[in-house]
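Hi everyone, thanks for coming along. I'd like to walk you through one structure today, so let's put it on the screen.

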Amino acid sequence: MPGLLLGDEAPDFEADTTQGRIRFHDFLGDSWGILFSHPRDFTPVCTTELGRAAQLAPEFSKRNVKMIALSIDSVQDHLSWCKDVNAYNGEQPAETLPFPIIADKNRELAVKLGMLDPDELDKDGMPLTARVVFIFGPDKKLKLSILYPATTGRNFDEILRVLDSLQLTAYKKVATPVDWKPGDSVMVVPTLPDEEAKKLFPKGVFTKELPSGKKYLRYTPQPE
Ligand code: BEZ
């Protein structure tokens, strides 16, 4: 069964991109990574998404996240499309974006990574790529995947929000509650005993009383 599940290691594929040929593990290095797929070049929703991703590139970089996109057209098409994306952003129509775009003309990678959407077909009846987001940790394991159909554009602010949550979990051993935003209180994970939590979170652990009497709703201010 193609595709990737949480905890799977990123495949170490080779691919042609708008920034030359890459080997995925070398590309990731020791960084976090985000791989996001697009149904096709020169399509409206994708163009707005790539534009937003380009604007937010400094935010990804601040979080030590390497960005890479994928679309099932050629490098030449991608380079030409980049000009449109830059123009859409109100910039010079250059062939460069702050991240590479993988050329997956034969859909080999899209099949391998389980990215195809059987309900969205091109003019030849071939399935297009869905809007997949894979976030890999520095250990190259899949930490998060999001799958949207071609007709729904993603929210890149939400992607940054989940990255902040993933990195808080990785570095500070906390979880984030519903609708959490950076700066809000976070939650102590259920597996951490109270005594350890007190030591680990010097700003304090606040428990909400519940009818069950169970003390599992434990909050702490977001660690620095
Ligand atoms: C788009 O990017 O606008 C799009 C691509 C494929 C199907 C529907 C929309």
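**Around the ligand**

Let's start with R131: an N or O atom in its side chain is 2.9 Å from an oxygen atom of the ligand, which fits a polar contact, meaning a pair of N or O atoms within 3.5 Å. Please keep in mind that this is a predicted model, where local features need pLDDT of at least 70, side-chain atom pairs count only at pLDDT 80 or more, and totals for chains, interfaces and linings use all residues. Residues are numbered from 1 along each chain as its sequence is written, and side-chain values use heavy atoms, with hydrogens and water left out.

T43 places a polar side-chain atom 3.0 Å from a ligand oxygen, while V45 brings a backbone N or O atom to 2.7 Å from an oxygen atom of the ligand. On its own the ligand exposes 260 Å², and the protein buries 84% of that (Shrake-Rupley method, 1.4 Å probe).

Who else surrounds the ligand? Among the residues there, with a heavy atom within 4 Å, are P39, E120, L128 and A150.

Now, the cysteines. With a disulfide taken as two cysteine sulfur atoms within 2.5 Å, the count is zero. C46 is in none, and the nearest cysteine sulfur, that of C82, is 13 Å away. C46 is buried, at a relative accessible area of 0% (buried is under 20%, with a 1.4 Å probe and protein chains only). C82 is buried too, at 2%.

Finally, an automatic or database assignment divides the chain into domain 1 (8–155) and domain 2 (172–221). Their centres, taken over C-alpha atoms, are 36 Å apart.

Definitions and conventions. Buried means under 20% relative accessible area, exposed over 50%, partly exposed in between (1.4 Å probe, protein chains only). A polar contact is a pair of N or O atoms within 3.5 Å; within protein, one must be able to donate a hydrogen and the other to accept it, and residues adjacent in sequence count only if both atoms are side-chain atoms.
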